[in-house]
Amino acid sequence: MPTCPKPLRPACTHPAPTMARILVVLAHPDLQASRANRAVQAALAPLAGPGGPVELLDLYARCPDYLIDVPAEQARLAEAELIVWAFPVQWYSVPALLKLWIDEVLAFGWAYGPGGQALRGKALWLLPTTGGSAASYQPAGHNRHGIEVFLTPWEQTARLCGLRYLPPLALHDAHALDASALAAHGAQVRDMLARWPAVPAWQGLLDDDCVDCAVPAEAYC
Ligand SMILES: Cc1cc2nc3c(=O)[nH]c(=O)nc-3n(C[C@H](O)[C@H](O)[C@H](O)COP(=O)(O)O)c2cc1C
């Protein structure tokens with residue numbers, strides 16, 4: 001049997017996970033230039049201090065070289081009840097480093113597949129921002145589909161992992177919004193997370209038994 005070559009990419013090291021109940025993965029390739037995602041980051045700062053309910057992970061700052069410490073990330077996720085992905089939509093998907101994080105951290109046998117129960121019963125909430133307006137994400141608009149259609153892979157990813165998929169909160173037209181609109185979005189996110197899990201809009205959704213999560217064993221062959 002051939003031996004495995006030395007990994008080309010040594011894992012980056014991360015601080016030990018905290019006990020926050022909510023893990024916000026903020027994935028922006030250029031946060032300094034951001035307006036919308038930085039507004040979310042700023043709004044969540046009061047919840048992300050020591051002892052607060054939120055752990056705010058600036059993914060590009062944490063892994064600028066795209067080296068992800070998978071066990072450390074899995075430990076973070078294992079502690080969390082609610083997982084949030086905040087990101088600018090790029091080519092109708094998540095930014096590249098968030099995709100890599102998903103690929104590597106939501107591993108077979110850990111997040112899904114035989115023995116893959118680590119995320120079961122937790123919840124996933126997506127906070128996408130778009131350059132396109134709300135009208136552009138309509139059948140008659142140039143993006144032709146609602147934003148939820150472009151998020152379908154993550155909805156199914158959640159189901160496969162036994163995560164409850166909460167209705168995404170998209171912020172459209174991000175370039176055109178003024179500072180008060182961006183701050184209002186951030187405040188809405190902060191207020192909902194501060195109430196977790198007693199958010200009126202999520203009641204009932206969190207009771208979902210996730211019966212659709214069962215995946216036939218042959219799916220992994
Ligand atoms: C490489 C790239 C791809 C993008 N693709 C899309 C897209 O598919 N749909 C869209 O509405 N906006 C797209 N945008 C615009 C970003 O979503 C938008 O700039 C961002 O959400 C604004 O948030 P921010 O202020 O936090 O940067 C793209 C931007 C970049 C840089």
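How many bridges join strand 3 to strand 4? The close-ups below take up this question and a few others, using a predicted model.

**View 1. Strands 3 and 4 side by side in the sheet.** Strand 3 (residues 82–88) and strand 4 (residues 123–129) run parallel and are joined by seven bridges. Look for F87, which has P128 of strand 4 opposite. Packed on the sheet is helix 4 (residues 96–105), which touches strand 1 (22–26), strand 2 and strand 3. The direction of helix 4 makes about 150° with that of strand 3.

**View 2. The open sheet of five strands.** Follow the order 2-1-3-4-5, with parallel pairing. Strand 2 (54–58) and strand 5 (164–165) each have a single partner strand, so one side of each is left without a neighbour in the sheet.

**View 3. A salt bridge between E81 and R21.** The side chains meet at 4.0 Å, N to O. This pair links distant parts of the chain, 60 residues apart: E81 sits in the loop between helix 3 (70–79) and strand 3, and R21 in the segment before strand 1. E81 is partly exposed at 35% relative accessibility, and R21 is partly exposed at 32%.

**View 4. A salt bridge within helix 4, between D103 and K99.** Here the closest N and O atoms are 2.8 Å apart. D103 and K99 are four residues apart, so about one helical turn separates them. D103 is partly exposed at 44%, as is K99 at 34%.

**View 5. A network of E55, E73 and R76.** Salt bridges that share partners join these residues. E73 and R76, both in helix 3 and three residues apart, meet at 3.2 Å, N to O. Both E73 and R76 are buried.

Notes
Residues numbered from 1 in each chain as written. Predicted model: local features only at pLDDT ≥ 70, side-chain atom pairs only at ≥ 80, totals over all residues. Heavy atoms only, no water. Pairing = 2+ DSSP bridges. Helix = DSSP H or I, 4+ residues; strand = E, 2+ residues; numbered from the N terminus. Contact = heavy atoms within 4.5 Å. Axes fitted to C-alpha atoms, helices over the stretch in contact; angles between N-to-C directions. Buried < 20%, exposed > 50% of the residue type's maximum accessible area, 1.4 Å probe, protein only.
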